[in-house]
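Visitor: I would like a close look at a single part of this model. Please start from one residue and work outward.

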Amino acid sequence: MTTTLRLLHHPTSQPCRAVHQLLLENDIEFEEEIVNLMDGSNEEQSFKDRYNPTGQVPILVDGDFVVWESAAIGFYLNERCQLHAHWFGADMRERATIQQYLHWHSTTLRRGAGAFFYTHFAECIWGPRDYSKEIAKGRHTLDESLRQLEAWLAVNPHLCGAEISFADLMAFHELVSHDAGKILSDADWAALPRVRTWFTELQGRPASQRVSEMIYQVGEMRLAGQLIPMTRKTSLAKGTEITPGAPT
Ligand SMILES: N[C@@H](CCC(=O)N[C@@H](CS)C(=O)NCC(=O)O)C(=O)O
């Protein structure tokens, strides 16, 4: 295969950063295209028809093949680029454990992103409103998920075993957003000592820092009370609403 891979993504997006980091960690050559999520370009019908009917990123394009959903992109890259076995598992049990994590992740820790989204981005889209119910819902899911991570990290130094896998990157980037937005207090971190050690270790990887620069800048802006200019009027974190689709 000789085509150059294209990654369509946005650096504020947790699953995009995980895929971006996987590409960097493995020295995979790719072209980067930032999709403007702030003006809702990703929701245009032409974008959905061409790339992803959900309008979401990340998206990987390999010649005439398009794949979306971060986990599916990861598995594709694993086979396409023959990644080192620790990323997706050396045998069927390890592979199943990593799959298991990624399925769990999409309905739990990923949904906890609502705590970040409704604390920091909702106001930039819909203006000042009472988002406390959405924040509380995200926070509840986040807390439950973090307790589960803490339990897994009591068994292994990484989420699915001794070595780092794509599961770690996916989980790590959820926490990067919460860290950038100071969603977790010092007391929260203190109650999660294994998660904190694991998070600090992952933060030290050069690729982690490279892909996380923008979200930390965005976090600083929001913590200083600045709005992120957004002209879109729909959620960036679909599925985290109390009432699906609301507020509109
Ligand atoms: N399950 C998807 C989630 C992707 C996702 O939530 N993408 C968000 C950014 S973090 C997005 O594209 N939001 C824009 C929108 O929904 O319009 C994956 O893992 O790839």
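Visitor: Where is the place of leucine 60?

Guide: Leucine 60 is in strand β3. Residues are numbered from 1 along each chain, in the order in which its sequence is written. The model is predicted, so local features need a pLDDT of at least 70 and side-chain atom pairs count only at pLDDT 80 or more, while totals for chains, interfaces and linings use all residues. Strands (E, at least two residues) and helices (H or I, at least four residues) are DSSP runs, numbered from the N terminus.

Leucine 60 counts as buried because it has 20 or more neighbours of the kind counted here: 26 C-beta neighbours lie inside 10 Å. The full rule takes the other C-beta atoms within 10 Å of a residue's own, placed from the backbone: 20 or more is buried, 12 or fewer is exposed, and anything in between is partly exposed. Leaving out residues up to four places away in sequence, leucine 60 touches Leu5, Leu7, Val67, Ile73 and Tyr76. Contact here requires that the C-beta atoms of two residues, placed from the backbone, lie within 7 Å. Leucine 60 is also 9.3 Å from leucine 77, C-alpha to C-alpha, with their positions 17 residues apart in sequence.

The next stop is helix α3, residues 70-81. Its 12 residues should span 16 Å at 1.5 Å a residue, and its end C-alpha atoms are 16 Å apart, which agrees. The expected span is 1.5 Å times one less than the number of residues. The buried residues of α3 are Ser70, Ala71, Ile73, Gly74, Leu77 and Asn78. They are on the same side of α3, because they cover an arc of only 160° around the axis. The arc is taken from the directions that run from the helix axis to the C-beta atoms. Their cover includes β3 (59-62), β4 (65-68), α1 (14-25), α4 (92-107) and α7 (166-180).

Just before β3 there is a backbone feature. Proline 58 lies in the loop between α2 (45-50) and β3, and the peptide bond leading to proline 58 from valine 57 is cis, with omega near 10°. As a rule, most peptide bonds are trans, and most residues other than glycine have a negative phi. The second half of that rule has an exception after α3, where glutamine 82 follows with a positive phi near 50°. Glutamine 82 lies in the loop between α3 and α4. It is exposed, with 9 other C-beta atoms within 10 Å. Lysine 182 is another residue other than glycine with a positive phi, again near 50°. Lysine 182 sits in the loop between α7 and α8 (186-190) and is partly exposed, with 15 other C-beta atoms within 10 Å.

Beyond the loop that holds glutamine 82 comes α4. Its 16 residues should span 22 Å at 1.5 Å a residue, and its end C-alpha atoms are 23 Å apart, which agrees. Ile98, Tyr101, Leu102 and His105 are the buried residues of α4. Seen down the axis, they fall within an arc of 95°, so they line one face of the helix. They pack against α3 and α7. Met92, Arg93, Ala96, Gln100, His103 and Thr107 are exposed on the other side of α4.

The protein has a domain assignment, with bounds that come from an automatic or database source: domain 1 is 5-84 and domain 2 is 92-223. The C-alpha centres of the two domains lie 20 Å apart. Their contact takes 14 residues from domain 1 and 17 residues from domain 2. On the side of domain 1 that touches domain 2, α1 and α3 each supply at least two residues, and α1 gives the most, with 9 residues. That side has 6 nonpolar, 6 polar and 2 charged residues. In this scheme Ala, Val, Leu, Ile, Met, Phe, Trp, Tyr, Cys and Pro are nonpolar, Asp, Glu, Lys and Arg are charged, and the others, Gly among them, are polar.

Lastly, there is a ligand. Of the 15 residues around the ligand, Ser13, Pro15, Gln56, Val57 and Ser70 come nearest; a residue is counted as near if its C-beta atom, placed from the backbone, lies within 6 Å. This shell divides into 5 nonpolar, 7 polar and 3 charged residues.
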